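Thanks for coming, everyone. I'd like to take a few minutes to walk you through a structure that you may not have met before. Have a look at it first, and then I'll talk.

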Amino acid sequence: MANIPETTRKYDLSFARWVRDNVDGGERMNMCMQCGVCSGSCPLGDHMEDGPRKIFMMVRAGMKEAVLSSNSWRSCVSCYNCVVRCPRKVPVKYILQSLGGLAVREGYAGGAESDNGAFGRAFWKTASTTGRIDERAVTVRYFYNAGGMMGLIKKGMANMHAAMGLVKTKRMPVFAMPDKIKNRPELKAILDKAMEIQARRGA
Ligand code: SF4
Ligand code: SF4
(Lines give C-alpha, C1' and ligand atoms only; values in the text may rest on other atoms or scores of the structure.)
(Ligands and ions follow the chains in the order given, each with its own letter.)
Protein backbone atom coordinates (compact mmCIF):
# COMPACT_ATOMS: atom_id res chain seq x y z
CA MET A 1 0.00 0.00 0.00
CA ALA A 2 1.38 3.42 -0.96
CA ASN A 3 1.92 5.91 1.84
CA ILE A 4 -1.00 8.20 2.52
CA PRO A 5 -0.28 11.69 1.13
CA GLU A 6 0.85 14.32 3.62
CA THR A 7 -1.28 17.42 3.51
CA THR A 8 -1.86 20.54 5.58
CA ARG A 9 -4.85 21.66 3.53
CA LYS A 10 -8.45 21.05 4.54
CA TYR A 11 -9.35 19.96 1.00
CA ASP A 12 -6.77 17.99 -0.92
CA LEU A 13 -7.79 15.77 -3.80
CA SER A 14 -4.65 13.68 -3.48
CA PHE A 15 -6.36 12.07 -0.48
CA ALA A 16 -9.44 11.23 -2.58
CA ARG A 17 -7.25 9.64 -5.23
CA TRP A 18 -5.30 7.74 -2.59
CA VAL A 19 -8.51 6.31 -1.10
CA ARG A 20 -9.73 5.29 -4.56
CA ASP A 21 -6.50 3.41 -5.22
CA ASN A 22 -5.70 1.97 -1.77
CA VAL A 23 -8.85 1.42 0.26
CA ASP A 24 -10.87 -1.80 -0.14
CA GLY A 25 -13.81 -0.93 -2.39
CA GLY A 26 -12.51 2.63 -2.84
CA GLU A 27 -12.68 2.33 -6.61
CA ARG A 28 -16.48 1.96 -6.34
CA MET A 29 -16.89 5.13 -4.32
CA ASN A 30 -17.27 7.14 -7.54
CA MET A 31 -20.48 5.19 -8.15
CA CYS A 32 -22.09 6.81 -5.11
CA MET A 33 -24.97 9.07 -6.15
CA GLN A 34 -25.46 10.53 -2.66
CA CYS A 35 -28.96 9.11 -2.31
CA GLY A 36 -28.55 8.60 1.45
CA VAL A 37 -30.08 5.11 1.52
CA CYS A 38 -27.03 3.81 3.41
CA SER A 39 -27.19 6.46 6.15
CA GLY A 40 -30.97 6.12 6.39
CA SER A 41 -30.71 2.32 6.74
CA CYS A 42 -27.93 2.37 9.30
CA PRO A 43 -29.04 1.44 12.84
CA LEU A 44 -26.23 3.59 14.21
CA GLY A 45 -26.69 6.43 11.71
CA ASP A 46 -27.99 8.83 14.38
CA HIS A 47 -24.91 8.18 16.49
CA MET A 48 -22.37 8.72 13.76
CA GLU A 49 -20.90 12.18 13.48
CA ASP A 50 -21.23 12.00 9.71
CA GLY A 51 -22.79 8.79 8.38
CA PRO A 52 -21.60 6.86 5.32
CA ARG A 53 -23.13 9.13 2.65
CA LYS A 54 -21.46 12.21 4.12
CA ILE A 55 -18.17 10.40 4.69
CA PHE A 56 -18.06 9.50 0.99
CA MET A 57 -18.70 13.13 0.04
CA MET A 58 -15.92 14.20 2.43
CA VAL A 59 -13.53 11.67 0.89
CA ARG A 60 -14.31 12.98 -2.59
CA ALA A 61 -13.63 16.51 -1.36
CA GLY A 62 -10.23 15.35 -0.05
CA MET A 63 -11.02 16.06 3.62
CA LYS A 64 -8.44 13.70 5.07
CA GLU A 65 -8.37 15.09 8.61
CA ALA A 66 -12.16 15.21 8.96
CA VAL A 67 -12.64 11.70 7.52
CA LEU A 68 -10.02 10.00 9.68
CA SER A 69 -11.07 11.73 12.89
CA SER A 70 -14.81 11.08 12.39
CA ASN A 71 -16.41 8.52 14.70
CA SER A 72 -18.38 6.98 11.80
CA TRP A 73 -16.00 4.12 11.10
CA ARG A 74 -15.86 3.27 14.84
CA SER A 75 -19.64 3.15 15.14
CA CYS A 76 -20.24 0.61 12.38
CA VAL A 77 -21.48 -2.73 13.75
CA SER A 78 -21.21 -4.60 10.44
CA CYS A 79 -24.93 -5.25 10.00
CA TYR A 80 -24.57 -4.97 6.18
CA ASN A 81 -27.85 -3.06 5.74
CA CYS A 82 -26.00 -0.44 3.72
CA VAL A 83 -24.30 -3.01 1.50
CA VAL A 84 -27.54 -4.82 0.74
CA ARG A 85 -29.53 -1.65 0.08
CA CYS A 86 -27.12 0.57 -1.84
CA PRO A 87 -28.64 0.98 -5.34
CA ARG A 88 -25.16 1.50 -6.85
CA LYS A 89 -23.60 -1.56 -5.21
CA VAL A 90 -21.07 0.48 -3.29
CA PRO A 91 -19.48 -1.78 -0.62
CA VAL A 92 -20.17 0.79 2.07
CA LYS A 93 -19.29 -1.30 5.10
CA TYR A 94 -16.00 -2.51 3.63
CA ILE A 95 -14.95 1.02 2.77
CA LEU A 96 -15.73 2.25 6.29
CA GLN A 97 -13.86 -0.70 7.78
CA SER A 98 -10.84 -0.04 5.61
CA LEU A 99 -10.91 3.69 6.45
CA GLY A 100 -11.04 2.65 10.12
CA GLY A 101 -7.92 0.53 9.73
CA LEU A 102 -6.23 3.47 8.05
CA ALA A 103 -7.27 5.82 10.86
CA VAL A 104 -5.81 3.44 13.46
CA ARG A 105 -2.59 3.15 11.46
CA GLU A 106 -2.33 6.92 11.19
CA GLY A 107 -2.82 7.42 14.94
CA TYR A 108 -6.40 8.77 14.95
CA ALA A 109 -7.84 6.07 17.23
CA GLY A 110 -6.23 7.11 20.52
CA GLY A 111 -4.09 4.94 22.78
CA ALA A 112 -4.88 2.16 25.24
CA GLU A 113 -6.40 4.63 27.72
CA SER A 114 -8.76 6.17 25.16
CA ASP A 115 -12.40 5.28 24.75
CA ASN A 116 -11.47 3.18 21.71
CA GLY A 117 -8.89 1.32 23.80
CA ALA A 118 -11.51 0.56 26.49
CA PHE A 119 -13.93 -0.70 23.86
CA GLY A 120 -11.20 -2.84 22.30
CA ARG A 121 -10.49 -4.49 25.65
CA ALA A 122 -14.18 -5.27 26.23
CA PHE A 123 -14.43 -6.69 22.71
CA TRP A 124 -11.30 -8.83 23.12
CA LYS A 125 -12.29 -10.15 26.54
CA THR A 126 -15.68 -11.27 25.21
CA ALA A 127 -14.28 -12.81 22.03
CA SER A 128 -11.39 -14.57 23.74
CA THR A 129 -13.43 -16.11 26.56
CA THR A 130 -16.50 -17.25 24.61
CA GLY A 131 -15.25 -17.52 21.02
CA ARG A 132 -18.21 -15.38 19.98
CA ILE A 133 -19.15 -11.73 19.94
CA ASP A 134 -22.35 -10.97 21.76
CA GLU A 135 -23.19 -7.27 21.43
CA ARG A 136 -24.92 -7.27 24.83
CA ALA A 137 -21.91 -8.77 26.62
CA VAL A 138 -19.44 -6.41 24.94
CA THR A 139 -21.58 -3.36 25.69
CA VAL A 140 -22.18 -4.27 29.36
CA ARG A 141 -18.48 -4.95 29.92
CA TYR A 142 -17.48 -1.73 28.14
CA PHE A 143 -19.93 0.47 30.06
CA TYR A 144 -19.22 -1.23 33.40
CA ASN A 145 -15.44 -0.89 33.01
CA ALA A 146 -15.86 2.80 32.20
CA GLY A 147 -17.90 3.71 35.29
CA GLY A 148 -18.96 0.78 37.44
CA MET A 149 -22.65 0.05 38.02
CA MET A 150 -23.68 3.72 37.82
CA GLY A 151 -21.76 4.12 34.58
CA LEU A 152 -23.45 1.03 33.21
CA ILE A 153 -26.92 2.34 34.06
CA LYS A 154 -26.26 5.89 32.84
CA LYS A 155 -24.63 4.87 29.56
CA GLY A 156 -27.23 2.14 29.06
CA MET A 157 -30.04 4.68 29.34
CA ALA A 158 -28.25 7.20 27.14
CA ASN A 159 -27.74 4.59 24.40
CA MET A 160 -31.16 2.97 24.52
CA HIS A 161 -32.05 4.40 21.11
CA ALA A 162 -28.98 2.79 19.52
CA ALA A 163 -29.81 -0.52 21.22
CA MET A 164 -33.33 -0.44 19.80
CA GLY A 165 -31.86 0.15 16.34
CA LEU A 166 -29.69 -2.95 16.74
CA VAL A 167 -32.63 -5.02 17.94
CA LYS A 168 -34.79 -3.85 15.01
CA THR A 169 -32.12 -4.79 12.47
CA LYS A 170 -31.68 -8.20 14.19
CA ARG A 171 -28.11 -7.30 15.09
CA MET A 172 -28.74 -7.78 18.81
CA PRO A 173 -30.98 -10.47 20.31
CA VAL A 174 -33.08 -9.65 23.36
CA PHE A 175 -33.96 -12.97 24.96
CA ALA A 176 -31.52 -15.54 23.53
CA MET A 177 -28.67 -16.62 25.80
CA PRO A 178 -25.20 -15.44 24.70
CA ASP A 179 -23.62 -17.96 22.34
CA LYS A 180 -20.36 -19.77 23.19
CA ILE A 181 -18.21 -22.13 21.16
CA LYS A 182 -17.95 -25.71 22.43
CA ASN A 183 -14.23 -26.16 22.72
CA ARG A 184 -13.13 -23.09 24.65
CA PRO A 185 -9.96 -24.72 26.11
CA GLU A 186 -8.76 -25.24 22.55
CA LEU A 187 -9.47 -21.59 21.72
CA LYS A 188 -7.50 -20.56 24.80
CA ALA A 189 -4.56 -22.76 23.74
CA ILE A 190 -4.59 -21.18 20.25
CA LEU A 191 -4.71 -17.65 21.65
CA ASP A 192 -1.97 -18.37 24.21
CA LYS A 193 0.23 -19.69 21.40
CA ALA A 194 -0.51 -16.64 19.25
CA MET A 195 0.41 -14.33 22.11
CA GLU A 196 3.60 -16.28 22.74
CA ILE A 197 4.58 -15.87 19.07
CA GLN A 198 3.70 -12.18 19.15
CA ALA A 199 5.79 -11.66 22.32
CA ARG A 200 8.72 -13.48 20.68
CA ARG A 201 8.49 -11.32 17.58
CA GLY A 202 8.26 -8.18 19.65
CA ALA A 203 11.29 -9.15 21.75
S1 SF4 B 1 -26.68 4.06 -0.62
FE2 SF4 B 1 -24.96 3.86 -2.07
S3 SF4 B 1 -25.34 5.40 -3.64
FE4 SF4 B 1 -26.64 5.92 -1.87
S5 SF4 B 1 -25.41 7.38 -0.66
FE6 SF4 B 1 -25.00 5.35 0.15
S7 SF4 B 1 -23.18 4.63 -0.96
FE8 SF4 B 1 -24.04 6.35 -2.09
S1 SF4 C 1 -22.75 -2.06 8.08
FE2 SF4 C 1 -22.15 -0.36 9.41
S3 SF4 C 1 -22.43 1.50 8.19
FE4 SF4 C 1 -23.55 -0.16 7.18
S5 SF4 C 1 -25.64 0.02 7.96
FE6 SF4 C 1 -24.59 -1.46 9.27
S7 SF4 C 1 -23.75 -0.26 10.98
FE8 SF4 C 1 -24.31 1.19 9.37
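I'll start with the overall fold, go on to the core, and finish with the two ligands.

One thing to keep in mind is that this is a predicted model.

So, the overall fold. What do we find in the chain, helices or strands? There are 11 helices and zero strands. If you read along from the N terminus, you just meet α after α until you run out of elements. For a sense of scale, the C-alpha atoms fit a box of roughly 50 × 45 × 30 Å along the principal axes. The chain has 203 residues, and 26% of them are buried.

Now, contacts. Take the ones in the chain with a separation of 6 or more: 57% of those link residues 24 or more positions apart.

On to the core. In soluble globular proteins, nonpolar side chains tend to be buried together. Here, the largest nonpolar core has 28 residues, and the ones touching the most other members are V19, M29, V59, V67, V92 and L99. Which elements give two or more residues to this core? Those are α1, α3, α4 and α7, and α7 provides the largest share, with five residues. If you want one residue to click on, try L99: setting aside its neighbours within four places in sequence, L99 is in contact with V23, V67 and W73.

Right, the ligands. Ligand 1 is surrounded by 15 residues, and the closest are C32, C35, V37, C38 and C86. Two elements, α2 (37-41) and α3 (52-60), give two or more residues each to that shell. The largest share is three residues, and it comes from α3. By class, the shell around ligand 1 splits into 11 nonpolar, two polar and two charged residues.

And ligand 2? There are 15 residues around ligand 2, with C42, C76, C79, C82 and K93 coming nearest. For this shell, α6 (81-85) and α7 (92-105) each supply at least two residues. The largest share around ligand 2 is three residues, from α7. The classes here are 11 nonpolar, three polar and one charged.

If you remember one element from today, I'd pick α7. That helix gives the largest share of the core, and it also gives the largest share of the shell around ligand 2.

That's it from me. Feel free to pull up the model and have a look around.

Key
Residues are numbered from 1 along each chain as its sequence is written. Chains are lettered from A and ligands numbered from 1 in the order in which they are written. This is a predicted model: local features need pLDDT of at least 70, side-chain atom pairs count only at pLDDT 80 or more; totals for chains, interfaces and linings use all residues. A residue is near a molecule or strand if its C-beta atom, placed from the backbone, lies within 6 Å of it. Helices (H or I, at least four residues) and strands (E, at least two) are DSSP runs, numbered from the N terminus. Ala, Val, Leu, Ile, Met, Phe, Trp, Tyr, Cys and Pro count as nonpolar, Asp, Glu, Lys and Arg as charged, and the others, Gly among them, as polar. A residue is buried if 20 or more other C-beta atoms lie within 10 Å of its own, exposed if 12 or fewer, and partly exposed in between; C-beta atoms are placed from the backbone. Two residues are in contact if their C-beta atoms, placed from the backbone, lie within 7 Å. A nonpolar core is a set of buried Ala, Val, Leu, Ile, Met, Phe, Trp, Tyr and Cys residues joined through C-beta atoms within 7 Å.
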